Amino acid sequence: ETIIGHIMLTKTYISRGHEKQVALLLSPVCMQLEYRNMGVGSQLIRYSLDAAKSNGYKTVFLVGQPEYYHRFGFQSIADFGIIDTGDIPVQYTMVVELEEGFLAGQGGVVTIY
């Protein structure tokens, strides 16, 4: 067997004052060059989001190109009033709700690096 791609989800947290809520960070998504643009990366992302949801997670964060990740439902964290503790430009810091409306009106701080 040959490994042609890799995806990883790790725990991160949304902080709201003294409260911390568990979330996931999607990084990295890697593909061997000869298998790029064949839809395998998209399949890995969709599978990972489905697995995260079925395991009870409500949100997944990432840093990436909006043009690519919007197709999976990712939006800017600014749309939800969430800020990142790092210095990554906000347009590249995104989140997807695995439970629709979960982040509505909550805001918070997340560490993505």
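This passage describes the sheet, the nonpolar cores and the largest pocket of a predicted model.

The model contains an open sheet of 7 strands, arranged in the order 4-6-3-2-1-7-5, with mixed pairing. At its edges are strand 4 (75-76) and strand 5 (82-84), each of which pairs on one side only. Strand 1, covering residues 5-16, runs antiparallel to strand 2, and 11 bridges join the two. These two strands form a hairpin with 2 residues between them, and Gly17 in the turn has a positive phi of about 65°. Within this pair, Ser15 stands opposite Lys20 of strand 2. Strand 1 is also joined to strand 7 (residues 108-110), again in the antiparallel sense, by 2 bridges. Here the bridge partner of Ser15 in strand 7 is Val109. Ser15 thus has a partner in strand 2 and another in strand 7. Elsewhere in the sheet, strand 3 and strand 6 are paired antiparallel over 5 bridges. Thr59 stands opposite Glu97, a residue of strand 6. In a regular strand, side chains point alternately to one face of the sheet and to the other.

The largest nonpolar core comprises 14 residues, of which Ile45, Leu49, Val60, Tyr69 and Phe74 touch the most other members. Two or more residues of this core come from each of strand 2 (19-31), helix 1 (40-54), strand 3 (59-63) and strand 6 (93-97). Helix 1 makes the greatest contribution, with 3 residues. Apart from this core lies another, made up of 12 residues, including Ala23, Ile82, Phe102 and Val110. The contacts of Val60, with residues up to four places away in sequence left out, are Leu9, Leu24, Leu26, Leu49, Ala52, Phe74, Met94, Val95, Val96 and Leu98. Among these contacts are Leu49 and Phe74, which, like Val60, belong to the group of core residues that touch the most other members.

Ser48 is also located in helix 1. Its relative accessible area is 6%, which is under the 20% limit, so Ser48 counts as buried. Not counting residues up to four places away in sequence, Ser48 touches Ile7 and Leu9. Leu9 is also one of the residues touched by Val60.

The largest pocket holds about 270 Å³ of space. Its lining consists of 14 residues, and those closest to the centre of the pocket are Val29, Met31, Arg36, Gly41 and Tyr68. Strand 2, helix 1 and helix 2 (66-69) each give two or more residues to the lining. By residue class, the lining divides into 8 nonpolar, 4 polar and 2 charged residues. Strand 2 and helix 1 contribute two or more residues to this lining and also two or more to the largest nonpolar core.

Tyr68, one of the lining residues closest to the centre of the pocket, is found in helix 2. Its relative accessible area is 26%, which lies between the limits of 20% and 50%, and Tyr68 is therefore partly exposed. Tyr68 touches Gly41, Ser42 and Ile45, with residues up to four places away in sequence not counted. Of these, Gly41 is also among the residues closest to the pocket centre, and Ile45 is one of the core residues that touch the most other members. Tyr68 and Ser42 are separated by 26 residues in sequence, and their C-alpha atoms are 9.6 Å apart in space.

Notes:
Residues numbered from 1 in each chain as written. Predicted model: local features only at pLDDT ≥ 70, side-chain atom pairs only at ≥ 80, totals over all residues. Heavy atoms only, no water. Core = buried A, V, L, I, M, F, W, Y, C linked by side-chain atoms within 4.5 Å. Buried < 20%, exposed > 50% of the residue type's maximum accessible area, 1.4 Å probe, protein only. Helix = DSSP H or I, 4+ residues; strand = E, 2+ residues; numbered from the N terminus. Contact = heavy atoms within 4.5 Å. 1 Å grid on protein atoms, 1.4 Å probe; cavity = no way out; pocket = protein on both sides within 12 Å on 5 of 7 lines; lining within 4 Å. Points joined across faces, edges and corners; volume = space filled by probe spheres on them. Nonpolar A, V, L, I, M, F, W, Y, C, P; charged D, E, K, R; others polar. Pairing = 2+ DSSP bridges.
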